[in-house]
Structures are given as C-alpha cells and as structure tokens.
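Work through the following exercises with the sequence and the structure open beside you. Each task is followed by a solution that proceeds step by step.

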Number of protein chains: 2
Amino acid sequence: MEDNLTQPLDDLTVVKTVSLTNALEKQIERLIVEGELAPGERLNEIQLASRFGTSRGPLREATRSLEAKGFVEVIRNRGVFVRQLSVAEALEVYDVRAALFGLAGRLLAQKMNDELLAKLNRQLDAMEAAAAKSDFDTYYPLNLEFHRTIVESAGNKTLFAEYLRFVKKMHLFRAKSLVQGGGLAVSNREHREMVDALASGDVERAHASCWRHVERAKARLLAALEAAQIQPAEGVSPDAAKSASPV
Amino acid sequence: MEDNLTQPLDDLTVVKTVSLTNALEKQIERLIVEGELAPGERLNEIQLASRFGTSRGPLREATRSLEAKGFVEVIRNRGVFVRQLSVAEALEVYDVRAALFGLAGRLLAQKMNDELLAKLNRQLDAMEAAAAKSDFDTYYPLNLEFHRTIVESAGNKTLFAEYLRFVKKMHLFRAKSLVQGGGLAVSNREHREMVDALASGDVERAHASCWRHVERAKARLLAALEAAQIQPAEGVSPDAAKSASPV
DNA sequence: GGCTGGTAAATTGTTTACAGTTTTCACAGT
DNA sequence: ACTGTGAAAACTGTAAACAATTTACCAGCC
C-alpha cells in the first residue's frame, strides 16, 4: 500500500516540497548547461512558461535567481539572455577557480584519511582506464566527479557551493569546446601528483598543487585559443548571439 | 565605482533606467546590511511592497535575487527570512575570503605601480590617523575602502564582485560586533606589511601576506568568540530570530 | 535603393484577483 | 491550568489581466 504512494508522487508532490520557482530554475539551468539554450540566446517568457505549464510569475522569479547567479542577463524591456562569457571573463573565472580549488586542497590536506584516499585513487584508476581507451564520454564525468570529491571533502560548504557555480559558469563560454584542450593523459598525470600532494600532509604543497592544476588548465585554454586565432578581448553584448558557434 | 547611496534619487527616474525589481533589491539589501532588517527576521511581502509603493510581483523577484546571492532564505509557504550566519558558516566565509583576497594580492603584485602605491599609502596614513584617535567611526569605512581598493585594482572583475558579496555577507553574522575584535592598531601594522609585500613584486609573498591578513582576522574572531563563550556549532534555523542580540 | 514615419503585433513590466497553506486564537473538554 | 480542536485571519503561491515598451512591417518620400 505505502509502496504505491511513494512512486507516483513525482510531479505534483515535488511542487509541494520545492516551489515551482525552484523547479523552473533548475530546469532552465539545465537547458543552459546542456546547451539547449545557447549563450546569447533570448528567453521568451510566454514560450518558456507555457512549455513548463506555468504562468509568467514563477518563471520571472526563476530568471531573476539565475541572473543573480550569473547565468543569464536581464535587460529591461528587452528580455533575459543567456549570459555569454568573453575570453577575458573565462580567464577571470579560471583564476578565481584556482584560488578556490587551492583552498580546497589546503583544507583537504589537513583532514585526509585512508578512506578518502582510497576513493580518490579509485577515481584516478577509472579515469586512467577511460583515458587509455580515449573514451572521452566516460572520462569527462569522471573528471568532474573527481574534482567535486576534492572540494566537497574539504568540508567547507560555502566553498563547495561557489566552486560548483563557477564550474557551471564555464558552460557559458562561447568557445566551450576549447576548454578541454589539454587532452586526457596530460591531465591525469597532474591528478596523480595532486592526490600525492593531498596525501602528503604538506598543506602548502597541496595548496600549490591544486592551484597549479587549474592554472595549467587555463594555460591550455590560452594555447588552444591562440591556435584557433581567437583574441582574448571581446565584449559581452547579448545582441551578438549569432556568432556563437565555437571553433 | 560610486554608490547611489548618497542620494535616494527620484523614484520615477530610477524606474526608467533600472527596473523596479533592481531598485527594490538594492533597497532591501541596504536594509539588511544596515541592520534595519535583522538576521532571522521575516520579510512580509505585503508590508514591504506597500512600504516601497509597489505590488508583490517585483518584490518577490527582488527577494529571489537576494536569495540567490545568499542574503535571504526562502521557505515555501512560510516566507522570506533574512539569512543568519552561524559561527561555523562565518568561519567558512573567512576562509573563502582569505582565498579570494590572496588571489587579489597575487594579481596586484604583478601590476603594482607608483600611482596605486601612493593611493594605498594615503589610505594607510588616514587609517593610522583615525586609529591614533581611536576614532572607530572614521576608521571602519577607511578600512573597508582600503581592502576594496586592493581587490578592485587587482583587475579581475569576477573576483571583485565575489569579494564584495562575501564582505556583505558578514553582516548576516549574529555576533557581528565581535568581527571587529582585532582592534585598530594591530590591524594597521598588518596593513603596512601587506602594502610592502604588494610593492615588493614578490608574487608569492604578496599572496601569503594578503591571505594571512584575513586568516588573522578569523583568528581574532575566534578568540573573541571564546572570550564571549560562544561555541562554534549552532544551526541556522530562521525561526530562532529572537536571540540575535550580539554580545 | 534607402531612409523616414507611423501603425500593428509581440513582448515585457506591473498590478490585481484568486487559490491554497500556515498561523492565530478562542473555546470546549479534561 | 492545560491540551486539543476548529474556524477565521493572515499570508504566500500562482494565474490572469492590464499597461507600457519594443520590435516588425509597410507605405510614402527623398
């Protein structure tokens, strides 16, 4: 009897617990991160509201929240646009992420234990296996999860929340495809070094190792940009939506 | 970067340029930061809307934005509450701020110039003068401006925006008065050392100096908490609003 | 052809109305 | 006194209506 009740609770009860606004926000964020809504694209209120079967009120609340988080830009009387990261801004985000990830390394080095180390090593092995097969579709989520584990395990929830936000923000970068520039094997060598540093108990070394890891990713992006002859200088006009096609 | 706090400018002209939602958000944020709305307090939609002469729609949009920025907490069917930082969360914020401020130091050390150094030294002198007279009301805004100058001059706008947000967040800490625990002279000695480090061109030293400065502030808060016999463990229930009176 | 002006459609900004939930408070029963 | 019950009030959640602005389009003119 009770089992029947647990299952079909989906749509309506979710709305009971979480507000419609929150559900909408999550959905729209997903559309943005997964690329269905491209950077620069405009969000039509009526269209989106009817798509999710709600009115414009909750939708507007959701977009205001997304604006505060930096995922969209609202221009009065013109509409809300998916935020577009210029090269310069993307590089800024890298530096901030490096600082946050460095802090994570510092904190984690102080509380490293066998269980966590084992988990990180398992993740390293899985990534290495995917890298060996050049299986990028497997590697990518594992890589995300690995970094996530490090920051989450650092035990600072404020830090974790900010870190996640900045990682998501990279999806707003127009030349998104270049972000992966580094290649699989290169990255995993750095990962092993990072885990070594975290396990060493040397706080400064862990800090530097994690920081450097992000800075190297930034350097790889810069190299890829140069190879693709993209200048790190453009603006962020939400109007210029058409030229978004990366590489 | 001048704030519009100097003049409450005409309601109507503002609405033409900035949206009503944005104006509301700024006003409510001001009420929170200035303490008129205390941590834990509930925001009545009808009351606030009528106070600012608008309807509930724009007000709700403003509160959603403030929620995303971490200044209020929205509980479904219960209302909006001014966010309340527990001791544990305040300490988390210090660590994140240390990381961000450290990054600012690193970036600034690379682009330090005579003009900027002169400006920082002027600010140091002004603070020292205020400290000598134990003129806290003068010292406090100067101190804020000094740190703001450093982060803003670092040239990373993303970093600057995040830093400002976290500084504001400290106003949500219940035992807010303890945040100033360090005293005036102590702090300024650190400030001079920091400017020295920034001017030295030694990136690592600047980084460490700025980082340490925030960590020392955290340590002073911890000491003050211990002296006041407050345990760093409480939750964040928005209901327990009454016990907010600091020290 | 290209520009200007003006009108209609589309879209956003704001208010109002209604539905559902939580809180309050009086009151009966113990 | 204390506790539980049950309206009534207060408040939030959502939808719909109305107002103001922007955009699209087309005719007329240089």
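The exercises below concern a predicted model, and they go from the fold of one chain to its helices, its core, the contact between chains and the surfaces near DNA.

**Exercise 1. Describe the make-up of chain A: how many helices and strands does chain A have, and in what order do the elements run?**

Step 1. Counting the elements gives 11 helices and 3 strands for chain A.

Step 2. Read from the N terminus on, these elements follow the order α-α-α-β-α-α-β-β-α-α-α-α-α-α.

Step 3. Of the 247 residues in chain A, 36% are buried, and among the contacts in chain A with a separation of 6 or more, 75% are between residues 24 or more positions apart.

**Exercise 2. Determine which residues of helix α7 of chain A are buried, which are exposed, and how the buried ones are arranged around the axis.**

Step 1. Helix α7 of chain A covers residues 114-132, and its 19 residues reach 27 Å from the first C-alpha to the last, close to the 27 Å expected at 1.5 Å a residue.

Step 2. The buried residues in α7(A) are Leu120(A), Gln123(A), Met127(A), Ala130(A) and Ala131(A).

Step 3. Because these buried residues fall within an arc of 100 degrees when α7(A) is seen down its axis, they line one face of the helix.

Step 4. A general property of helices helps here: an α-helix has 3.6 residues a turn, so residues three or four places apart point the same way.

Step 5. The other side of α7(A) holds exposed residues, namely Asp114(A), Glu115(A), Ala118(A), Arg122(A), Asp125(A) and Ala132(A), and just after the helix Ser134(A) takes a positive phi of about 55 degrees.

**Exercise 3. Decide whether Ile32(A) is buried or exposed, and find its contacts beyond the neighbouring sequence.**

Step 1. Ile32(A) is found in helix α3 of chain A.

Step 2. There are 22 other C-beta atoms within 10 Å of Ile32(A), and because the cut-off for burial is 20 or more, this residue is buried.

Step 3. When neighbours within four places in sequence are left aside, Ile32(A) is in contact with Leu37(A), Phe71(A), Val82(A) and His171(A).

**Exercise 4. Identify the residues with the most contacts inside the largest nonpolar core, and follow one of them to its partners.**

Step 1. The largest nonpolar core has 108 residues, and those with the most contacts inside it are Leu100, Phe101 and Ala104 of chain A together with Leu100, Phe101 and Ala104 of chain B.

Step 2. Not counting residues up to four places away in sequence, Phe101(A) touches Val151(A), Tyr163(A), Cys210(A), Trp211(A), His213(A) and Val214(A).

**Exercise 5. Characterise the side of chain B that touches chain A: which element gives the largest share, and what are the residue classes?**

Step 1. The contact joins 25 residues of chain B to 25 residues of chain A.

Step 2. On the chain B side, α4, α5 (87-110) and α8 (157-169) each supply at least two residues, and the largest share, 9 residues, comes from α5(B).

Step 3. Sorted by class, this side of chain B has 7 nonpolar, 7 polar and 11 charged residues.

**Exercise 6. For each DNA strand, state how many residues surround it, which come nearest, and what classes they belong to.**

Step 1. DNA strand C is surrounded by 19 residues, of which the closest are Glu45(A), Gly79(A), Leu20(B), Ser55(B) and Gly57(B).

Step 2. The largest share of the surface near DNA strand C, 3 residues, comes from α4(B), and by class this surface has 4 nonpolar, 10 polar and 5 charged residues.

Step 3. Around DNA strand D there are 17 residues, and Leu20(A), Thr54(A), Ser55(A), Asn77(A) and Glu45(B) come nearest.

Step 4. Two or more residues of the surface near DNA strand D are given by each of α3 (20-33) and α5 of chain A and α3 (45-51) of chain B, and the classes are 4 nonpolar, 10 polar and 3 charged residues.

**Exercise 7. Locate Asn77(B) and say whether this residue is buried or exposed.**

Step 1. Asn77(B) has its place in the loop between β2 (72-75) and β3 (79-82) of chain B, and although it is not a glycine, its phi is positive at about 65 degrees.

Step 2. With 6 other C-beta atoms within 10 Å, Asn77(B) is exposed.

Note on methods: Residues are numbered from 1 along each chain as its sequence is written. Chains are lettered from A and ligands numbered from 1 in the order in which they are written. This is a predicted model: local features need pLDDT of at least 70, side-chain atom pairs count only at pLDDT 80 or more; totals for chains, interfaces and linings use all residues. A residue is near a molecule or strand if its C-beta atom, placed from the backbone, lies within 6 Å of it. Helices (H or I, at least four residues) and strands (E, at least two) are DSSP runs, numbered from the N terminus. Ala, Val, Leu, Ile, Met, Phe, Trp, Tyr, Cys and Pro count as nonpolar, Asp, Glu, Lys and Arg as charged, and the others, Gly among them, as polar. A residue is buried if 20 or more other C-beta atoms lie within 10 Å of its own, exposed if 12 or fewer, and partly exposed in between; C-beta atoms are placed from the backbone. Two residues are in contact if their C-beta atoms, placed from the backbone, lie within 7 Å. A nonpolar core is a set of buried Ala, Val, Leu, Ile, Met, Phe, Trp, Tyr and Cys residues joined through C-beta atoms within 7 Å. The expected span of a helix is 1.5 Å times one less than its number of residues. The arc is that of the directions from the helix axis to the C-beta atoms.
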